[in-house]
Amino acid sequence: AHRFAVVSGPSGSGKSSLLRAGLIPALRQAQGADRPAVIRVLTPGEQPACTHERALVAKDGRDGRDGRDGENGDLDTWVIVDQFEEVFTLCRDPGERAGFIDRLLAARRPESRLRVVIAVRADF
């Protein structure tokens with residue numbers, strides 16, 4: 001029901017397993033409008049905004065920031081960000097970090113064709 005969700009828990013509690021063995025297979029089996037156009041799984045790394053710029057745009061070209069319409073406007077692109085804490089531990093550039101987070105949060109806009117789920121350790 002939400003375009004942006006967070007899975008949080010202690011280190012080793014199974015967040016990645018929940019996403020990779022639970023959510024992703026369920027999405028792949030979904031039918032109709034619930035079926036994703038594409039599923040992208042990523043970890044932030046040192047330069048998340050630059051590295052994942054293309055992954056944060058829906059398959060139809062809409063990222064929720066510019067309102068462009070595309071060919072697959074009825075199917076969402078899912079972006080699964082595992083180990084989100086890397087945005088704080090590996091990314092040292094505050095502008096790079098803010099840009100990445102802003103791109104993820106753009107999924108909350110009703111016109112966005114992105115859905116974002118992040119997994120982050122509870123201590124972050």
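pLDDT is the predictor's confidence in each residue, from 0 to 100.

**Confidence.** I noted that this is a predicted model, where local features need pLDDT of at least 70, side-chain atom pairs count only at 80 or more, and totals for chains, interfaces and linings use all residues. Residues are numbered from 1 along each chain as its sequence is written, and side-chain values use heavy atoms, without hydrogens and water. I read a mean pLDDT of 89 for the chain, with 89% of its residues at 70 or more. In residues 66-72 the pLDDT is below 50. Where pLDDT is low, the predicted coordinates should not be read in detail.

**Helix α1.** I looked up α1, residues 15-29 (helices are DSSP runs of H or I, at least four residues, and strands runs of E, at least two, numbered from the N terminus). A kink of about 25° lies at Leu23, shortly before Pro25; the bend is the angle between axes fitted to the seven residues ending there and the seven starting there. Which residues of α1 are buried (under 20% relative accessible area, 1.4 Å probe, protein chains only)? They are Lys15, Leu19, Ile24 and Leu27. Their cover includes β1 (4-9), β2 (38-42), β3 and β4.

**Cores.** I then turned to the largest nonpolar core (buried Ala, Val, Leu, Ile, Met, Phe, Trp, Tyr and Cys joined through side-chain atoms within 4.5 Å). This core has 16 residues, and Phe84 is among those with the most contacts inside it. β3 (77-81), α4 (94-105) and β4 (114-121) each supply at least two of its residues. The largest share, four residues, comes from β4. Another core, of nine residues, lies apart and includes Leu19, Ile24, Ile39 and Val117.

Technical notes:
Contact means heavy atoms within 4.5 Å. Buried means under 20% relative accessible area, exposed over 50%, partly exposed in between (1.4 Å probe, protein chains only). The expected span of a helix is 1.5 Å times one less than its number of residues.
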